[in-house]
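Biologist: Please walk me through reading a helix and a sheet here. Start with the general idea, then the case.

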Amino acid sequence: MKKKEAFALAILIILVVLMGACSGTQENEKPKATDELILAVGGEPDEGFDPTTGWGRYGSPLFQSTLLTYDKDFNIQYDLATDYKVSNHGLTWTIELREDVFFSDGEPLTADDVIFTFETAKKSGSIIDLSNLEQVIRIDEYTVEFTLKESESTFIYLLVSTGIVPEHAYDNTYNENPIGSGPFQLVQWDKGQQIIVEANPEYYGDKPTFSKLTFLFLSEDAAFAAAKAGEVDVVSVPPAFANEEITGMNLIELESVDNRGIMFPYVKEGEQTVDGFPIGNDVTADIAIRKAINVGVNRQTLVDGVLEGFGTPAYSVADHLPWWNADTSIRDNDVEQAKQILEESGWVENEEGFREKDGLPAAFTLLYPAGDQIRQSLSITFADMMKPLGIQVTTEGKSWNELEQYMYSQPVMMGWGSHDPLEIYNLYSSETRGIGYYNANYYSNPVVDKYLNQAMHATSEEEAHKYWEKAQWDGETGFSAQGDAPWAWLVNLNHLYFVNENLEIGEQKIQPHGHGWPVTDFIEQWRWKE
């Protein structure tokens, strides 16, 4: 345990002991419900709490409100907005705002704050991509008009995920001192240890049941120890701890699209990136290798073994989300079919039982982020599964800095999973080849590109979903394992939490990738059981 984490836990235990002594609570006596919660549900946000640079994209912004929001079934709901209209050509989005919203400092939220937020986010150079935003203007005090350069169906998800910041109280320290119109306000941040938040008295929505929340930043071991000691109400745990029993707490499993899969270099060797890193891999550039792997791997065994049953087999980057194509699910663990695919494509076994094609061994190194135990275990188990197919896989952990150099030419155990279908475009469009971690395998298919562009420029979610699905598989081609198979998606991790047995957190959405604190999405609805 790190010193700062041990210090934070020790202080917490001392405080709880003192509180118990003052209240006269006896050993084994059930404590009375309070209006405060203590949580250890994720790491400390590296960049702080500024939505214009990405805070809140993987869960509730907590301190800020958004124009629109999702319900648990991913239906678009109003939040700050009372109405929105999209022009026939999809270029103009008009948003009507509530007139009863105030920031936690008592100042009203108006169209000017919305404009300021999106203009600031566009200039931030962060993961929020507003390059297609031509302008955002004020129609009146509570009406905003966005104009796009091109129609963009995914713009609606920016309205869902971008918390509104106050123009009057925004400066270069805002990420550490956020003021917003969300259900809670930050009152204390002890770096490396905890934050303390309190209910925002100005909040316009349903008032939170809890007046105070303390978020602890602890390692997995320290967080689990705190739960065992009865010092936290909600704690996230890895699969290794999930089979343990904690008195007074229940294990909650939440489905997710927090996936892990192997990105295969799609093109042959020979080219280099502008930075001089090699592109391509002659083995994985062969579709027979990629298809055989997808058919031959046993995803359920990976779930049962590596994840100890706390997950599901993965077949895409967006399983069970509204834009997922269910036809991407395939029958796997079929070693004989995998062998047949390889043999028909000219990959023959040598004397050692490994396959070759025109002198090229069916062998590659699978890279994973060093220090990530789950990805390491998935990689090692996967390598063992490939031996019966005659494919020789070695595994190696690398730092992220090293992976940024090798990922264009060697398979990598990656992880994605977003509530925004833009992720599909970024991973599979020819336009994003070689851009960051997205299409690092240089995948390209003109038919897929056509569908992706049609999805991006659709003027309704329904129309867009149709094209997202076709890009995955249209019956003849697509980027899924049914088609080009540039990835072998393996597992979706269940997000695991031990929760106070008397605490009701309600139904949750399918969780995104594990950044941020996605479990807090509906935290204003949490309450003690009656």
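**Reading a helix, then a sheet**

Modeller: Helix H2 has 13 residues, 111-123; at 1.5 Å a residue it should span 18 Å, and its end C-alpha atoms are 19 Å apart, which agrees. The expected span is 1.5 Å times one less than the number of residues. Helices (H or I, at least four residues) and strands (E, at least two) are DSSP runs numbered from the N terminus. This is a predicted model: local features need pLDDT of at least 70, side-chain atom pairs 80 or more, while totals for chains, interfaces and linings use all residues. Residues count from 1 along each chain as its sequence is written, and side-chain values use heavy atoms, without hydrogens and water.

Biologist: Which residues of H2 are buried?

Modeller: An α-helix has 3.6 residues a turn, so residues three or four places apart point the same way. In H2 the buried residues (under 20% relative accessible area, 1.4 Å probe, protein chains only) include Val-114, Phe-118 and Ala-121. The buried residues of H2 pack against strands S5 (92-97), S6 (133-140) and S7 (143-148), and against helix H3 (155-161). Contact means heavy atoms within 4.5 Å. Just after H2, Gly-125 has a positive phi of about 70°.

Biologist: In what order do the seven strands of the open sheet run?

Modeller: Strands of a sheet pair through backbone hydrogen bonds, either parallel or antiparallel. Here the order is S8-S9-S10-S1-S11-S24-S12, with mixed pairing (at least two DSSP bridges between two strands). S8 (184-190) and S12 (249-254) are the edge strands, each paired on one side only.

Biologist: How many bridges join S11 to S24?

Modeller: Four, and S11 (234-237) and S24 (495-500) run antiparallel. Ser-236 has Tyr-497 as its bridge partner in S24.

Note on methods. Buried means under 20% relative accessible area, exposed over 50%, partly exposed in between (1.4 Å probe, protein chains only).
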